[in-house]
Amino acid sequence: MVNARLDALHEFAFARLARLLADVPPGGDGADLSIGDPKGAPPAWLIDRIAERADAFRGYPPPQGTPELRQAIAAWLEQRYAVRLDAEREVLPVAGTKEALHLVASVMIDPVPVPGRPPPTVLMPNPLYQVYLGAAVMAGAEPVPLPATADTGFLPDLDAIPAEALGRCQLCYLCSPSNPQGTAADAAYWARALELARRHGFVLVADECYSEIYHAEPPKGALQVAAGTGGLDRLVVFNSLSKRSNAAGLRVGFMAGDPALIAATLKVRRYGGATIPVPLQHAAVALLEDEAHVEAIRADYTAKIDDGLARLNGRYGAFRPAGGFFLWLDVGDGEAVARELWARAGIKVVPGRYLSAEAADGRTPGDAYIRLALVHDRATTATALDAVVHHLDRLS
Ligand SMILES: Cc1ncc(COP(=O)(O)O)c(C=O)c1O
């Protein structure tokens, strides 16, 4: 017996991809461009920092994170966004944001606000990071995917949300820079989202995990916009060292924002949240205090994006993402092309369909797309991009 809500969910994107390719032998030893899993190294000194506190592996880590890490997060937010947060009440370290993005739905949502009435809604972009969908469904809410397509500038049109869905909304996920398209919200966009959250009484979750992987201007953060428009009320921002520091395996991220929402999340995390080993929290402080390695990582991703765009030369709707390390290509039929790239060259890409929510007719706004994650070193990525472009040109 399992929770019947699970029936509303597909397998996670990468399990679906494995199934799609299972009966096709790879046609070469091409690269895996499917998962957004950084292959670059974090700074070499990270290991020394972990070793400094190896004694602490013997005890349980504090669910609230160490005061040292909370202070470092607050200091980083201040230097990045010019906002001053209370490290005790407005910041919460989490063991990677994936789990916490999932958890907050069940913390923030009351699945039966009015007995006999329809469930609350959770607004989310579409295509999207699949975790938002799973979180909403498992919390007993109705997911309402908002088209984030070429027509809407790859972010949901906040003025086109159906009034009925807005009226029942308890939570809204927005992602900037977005996964998969790499679009960044500007200050006006965040201000509008905050205004809606306050007017309709829902929680705004701003997923900013790609905020440091930008390719021109640093993206605006929801916190800095909130500071000028009524404070942290109803806002929680998520960020992570996974992409910023090539440290996805460290499992250190954080939430920051409305102290009531932080307190509620901590309360639930004390019951069942994953904690971060103290030596890793100690190392995370050093990462947050250092921007030199982040600049190098950012420059490397920008060079790979440049390499990709030069090869694609505007074909397949290729565009420069404001942030992140993905290329989002319109190839006509993403699933078919993903199989072909695997069969012809052993290159793995994710069909956009697997990064999207389905409409009632089974279609998704990602159907025509594939996502390329430029996570390998520059030479490997360039070779893979050459092969992708070569085969795309032959397939079209
Ligand atoms: C949009 C987005 N948010 C959150 C995450 C989770 O990252 P982590 O759990 O490593 O902090 C990812 C990871 O790929 C992501 O793409």
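What covers the buried residues of helix 7? Among the elements that do so are helix 6 (163-167), strand 4 (169-175), strand 5 (203-207), helix 8 (222-227) and strand 6 (235-240). The model is predicted, so local features need pLDDT of at least 70 and side-chain atom pairs count only at pLDDT 80 or more, while totals for chains, interfaces and linings use all residues. Residues are numbered from 1 along each chain as its sequence is written, and side-chain values use heavy atoms, with hydrogens and water left out.

Helices (H or I, at least four residues) and strands (E, at least two) are DSSP runs, numbered from the N terminus. Helix 7 (residues 187-200) has 14 residues and reaches 20 Å from its first C-alpha to its last, close to the 20 Å expected at 1.5 Å a residue; the expected span is 1.5 Å times one less than the number of residues. Tyr189, Trp190, Ala193, Leu194, Leu196 and Ala197 of helix 7 are buried (under 20% relative accessible area, against over 50% for exposed and in between for partly exposed; 1.4 Å probe, protein chains only). Seen down the axis of helix 7, these buried residues fall within an arc of 160 degrees, so they line one face of the helix. The arc is that of the directions from the helix axis to the C-beta atoms. Ala188 and Arg199, on the other side of helix 7, are exposed. Gly201 follows helix 7 and has a positive phi, near 70 degrees.

Seven strands form an open sheet in the order 1-7-6-5-4-2-3, with mixed pairing; two strands pair if DSSP finds at least two bridges between them. Strand 1 (91-94) and strand 3 (142-147) stand at the edges with a single partner strand each, so one side of each is left without a neighbour in the sheet. The twist averages 20 degrees from one strand to the next. Strand 5 and strand 6 run parallel and are joined by four bridges, with Val205 opposite Val236 in strand 6. Helix 7 packs on the sheet, touching strand 4, strand 5 and strand 6, and its direction makes about 150 degrees with that of strand 5. Contact means heavy atoms within 4.5 Å. Axes are lines fitted to C-alpha atoms, for helices over the stretch in contact, and angles run from 0 to 180 degrees between N-to-C directions.

A second open sheet has three strands in the order 8-10-9, with antiparallel pairing. Five bridges join strand 8 to strand 10 (residues 369-373), and Asp330 has Tyr369 of strand 10 as its bridge partner.
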